[in-house]
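This briefing covers the surroundings of two bound ligands. The points are grouped by topic below the structure.

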Amino acid sequence: MNNIIIKNAAQVVTCSGFEGKRGAEMSNLHVIENGTVIVTDGIISHVLKKGEAIPIDVSGYKEIDATGKALLPGFVDPHTHFVFGGHREEEFSWRMRGDSYMSIMERGGGIVNTTKATREASEEELYNSAKRRLDDMLELGITTVEGKSGYGLDKDTEMKQLRVMRKLNEDHPMDIVSTFMGPHATPAEWKGREDEFIDFNINEMLPLVAKEKLAECADIFCEENVFTIEQSRRFLTAAREHGFLLKLHADEIVQFGGAELAGELKVLSADHLLQASDEGIKAMADNGVVATLLPLTAFSLKEEYARGRDMIDANCIVALATDLNPGSSHTASAPLLFAIACIYMNLSPEEAVTAYTINSAAAVNRADTVGSIDVGKQGDMILLKYPSYKFLPYYVGMNCVETVIKKGLVVKS
Ligand code: NIG
Ligand code: FE
């Protein structure tokens, strides 16, 4: 039975809400001091203030004394590429020597390099390596993760990646939201025929992935020398017709109009946004697009950080994600994510927590079930070793998470 009572937490950081929060709302975490939370059958059944009587019989419930510790919703990571074959440690050294991410990609490295290794890997090998990454993320308090295909770039391998995610969603405590990202790069066999490759993704891949119900969202790398605005609009419009929720890798390397396109199409989330223009930021705010920022990528590529502060001030719904992948951000370090978001992007600790809980849940269309400690939501919570959420950015790069509870079960202690 997934029944648990977590008693007398120094803070219950509820992040209360059922949709993404924008602008100034991101600062209010709805903290309850010395609170108690009860999970019944995996669902949060009671959130009690100090001194409130326990209204149900909790004999038989697992009990955790949370004195001196802060309780938060499990983190939701809304942008990763955690299923991949091989590694690219060589490219990392080249980048440290001064080569740029795009120049490596243009000479056949980058995404296409990982595509080769992913095509060669067996489904079991992909499953095992991805599972280890999920284990690492769970240790850091991440209880829901989004994962993308996009290292197959052909029918068989894209489907293989998506099946690995479906199986892990069944087998692993982590909840996985799958995204089809066929247009992640153009593989050698389609080089110079980008429009036709988009047609292939529209006419052959989208119907197949939809029919097999292997992904909820669709995504494209909209970037100079990758896919144009027009190709992105065409792919995303078709994806919407097949029932997919839309995501977009936008304005990562150059200012390209990706954020504007995200607003025009009212996509669920636009991600990266290092180079987003003022107009693009306004378009996202006006159209309810979640602006998902990936500070670990900017850090790893030694690029300027996205203008998170400006986006919040412009009333955007801002989320954070690790972007775990073998190239531009080979890390799922939630601790470092918090530190960078606060130290370099000028988010307050409160805004950063909102961005990695309820807002990141909104970025994967899960704000109704996870991302906050509210009655009726899934019992996904983390207990910190410290009495305040403020330790998350402050204990720089260190894991503050002591206990992870998934659907009312302790999965790490
Ligand atoms: O989100 N920018 C495009 N895609 C990934 C990187 C993938 C890779 O380098 O393997 C990203 O950064
Ligand atoms: Fe990405």
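In this predicted model, the largest cavity is the space that ligand 1 takes up. On its own, ligand 1 has 330 Å² of accessible area, and the protein covers 100% of it. The second ligand is an iron ion, coordinated by four side chains: His79, His81, His249 and Asp323.

**Shell around ligand 1**
- Ligand 1 is surrounded by 15 residues, of which Arg88, Tyr101, Tyr151, Glu252 and Ser328 are the closest.
- By class, this shell consists of eight polar, four nonpolar and three charged residues.

**Polar distances to ligand 1**
- The side chain of Asp323 has an N or O atom 2.9 Å from an oxygen atom of ligand 1.
- For His81, the distance between a side-chain N or O atom and an oxygen atom of ligand 1 is 3.3 Å.
- For His79, the corresponding distance to an oxygen atom of ligand 1 is 3.5 Å.

**Iron site (ligand 2)**
- The donor atoms are NE2 of His79, NE2 of His81, NE2 of His249 and OD of Asp323, at 2.0 to 2.7 Å from the iron ion.
- Along the chain, these donors follow the spacing H-x1-H-x167-H-x73-D.
- His79 and Asp323 are 244 residues apart, and the pair links distant parts of the chain.
- His79 lies in the loop between β6 (75-77) and α1 (89-96), whereas Asp323 lies in the loop between β14 (317-320) and α12 (334-343).

**Residues at both ligands**
- Asp323 coordinates the iron ion through OD and has a side-chain N or O atom 2.9 Å from an oxygen atom of ligand 1.
- His81 coordinates the iron ion through NE2, with a side-chain N or O atom 3.3 Å from an oxygen atom of ligand 1.

Notes
Residues numbered from 1 in each chain as written. Chains lettered and ligands numbered in written order. Predicted model: local features only at pLDDT ≥ 70, side-chain atom pairs only at ≥ 80, totals over all residues. Heavy atoms only, no water. Near = heavy atom within 4 Å. Polar contact = N/O pair within 3.5 Å; in protein donor to acceptor, adjacent residues only side chain to side chain. Areas by Shrake-Rupley, 256 points an atom, 1.4 Å probe, with all protein chains shown as cover. 1 Å grid on protein atoms, 1.4 Å probe; cavity = no way out; pocket = protein on both sides within 12 Å on 5 of 7 lines; lining within 4 Å. Sits in = over half its atoms within 2 Å of the grid points. Nonpolar A, V, L, I, M, F, W, Y, C, P; charged D, E, K, R; others polar. Donors = N, O, S within 2.8 Å, 3.2 Å for Na, K, Ca; no water. Helix = DSSP H or I, 4+ residues; strand = E, 2+ residues; numbered from the N terminus.
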